[in-house]
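Let's take a relaxed walk through one protein model. Have a look at the sequence and the 3D view first, and then we'll go through a few spots together.

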Amino acid sequence: MSEENIQSLKKAGLKITEPRLTILNLMQKNRDRMQHFTAEDVYRLLIEEGEEIGLATVYRVLNQFDEAHILIRHNFEGNKSVFEINPKEHHDHIICVDCGRVLEFKDELIESRQRQISQEHGITLENHSLYLYGRCSDKEKCQAYSQAHNHNKKK
């Protein structure tokens with residue numbers, strides 16, 4: 001178990017437990033292939049790894065991680081919670097409404113404009129999320145992504 005993860009849990013005020021460490025390690029280990037996780041995704045990965053952690057525990061741990069700012073909760077897919085490990089740098093998201101693919105992007109012009117608009121209205125911006133929804137222009141890639149994504153969810 002990663003010493004960094006133990007320190008993250010301590011810093012967040014969470015007790016160091018096997019399920020918390022296992023879930024956090026699993027999410028970090030799979031971050032390159034899956035940046036945004038549902039509770040079901042985490043549960044499926046745990047089963048693949050031979051871990052015996054129940055779905056209710058996964059939900060509870062993900063909610064605790066969200067409250068402790070270890071994860072960020074998004075509601076991309078029809079109000080279904082999706083989590084990502086709290087990124088070091090802010091980014092925004094573009095979501096395909098057909099295949100569910102989520103792309104992350106950074107744009108300083110958009111960030112600057114949001115701060116400017118907030119200031120114009122007398123608001124000091126503390127946090128924000130920008131989600132753009134659209135459709136993939138390459139329908140074959142969109143369909144292939146959708147099939148692969150749905151196939152992974154059935155495992």
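Let's begin with a pocket: the second largest one has a volume of about 340 Å³. A pocket here is an open set of points on a 1 Å grid over the protein atoms alone, with protein on both sides within 12 Å along at least five of seven lines, and lining residues have an atom within 4 Å of a point. Grid points are joined across faces, edges and corners, and the volume is the space filled by probe spheres set on the points.

Keep in mind that this is a predicted model, where local features need pLDDT of at least 70, side-chain atom pairs count only at pLDDT 80 or more, and totals for chains, interfaces and linings use all residues. Residues are numbered from 1 along each chain as its sequence is written, and side-chain values use heavy atoms, with hydrogens and water left out.

Which residues lie nearest the centre of the second largest pocket? They are Ile72, His90, Asn127, His128 and Ser129, out of 19 lining residues. Strand 1 (71–77) gives the largest share of that lining, with 4 residues, and strand 3 (92–96) also supplies at least two. Strands (E, at least two residues) and helices (H or I, at least four) are DSSP runs, numbered from the N terminus. By class, the lining has 5 nonpolar, 9 polar and 5 charged residues.

Now for helix 1 (residues 3–11), where Asn5, Ile6 and Leu9 are buried. These residues sit on the same side of helix 1, because they cover an arc of only 105° around the axis. Glu4 and Lys11, on the other side of helix 1, are exposed. Buried means under 20% relative accessible area, exposed over 50%, and partly exposed in between (1.4 Å probe, protein chains only). Helix 2 (18–29) and helix 4 (55–67) are among what covers the buried residues of helix 1. Just after helix 1 comes Gly13, with a positive phi of about 80°.

Finally, here are two partly exposed residues, Ala148 and Leu55.

| Residue | Helix | Relative accessibility | C-alpha separation |
|---|---|---|---|
| Ala148 | helix 6 (residues 139–154) | 40% | 9.7 Å to Cys99, 49 residues apart along the chain |
| Leu55 | helix 4 | 30% | 7.4 Å to Glu40, 15 residues apart along the chain |

Leaving aside neighbours within four places in sequence, Leu55 is in contact (heavy atoms within 4.5 Å) with Ala39 and Tyr43.

How values were computed. 1 Å grid on protein atoms, 1.4 Å probe; cavity = no way out; pocket = protein on both sides within 12 Å on 5 of 7 lines; lining within 4 Å. Nonpolar A, V, L, I, M, F, W, Y, C, P; charged D, E, K, R; others polar. Arc of directions from axis to C-beta.
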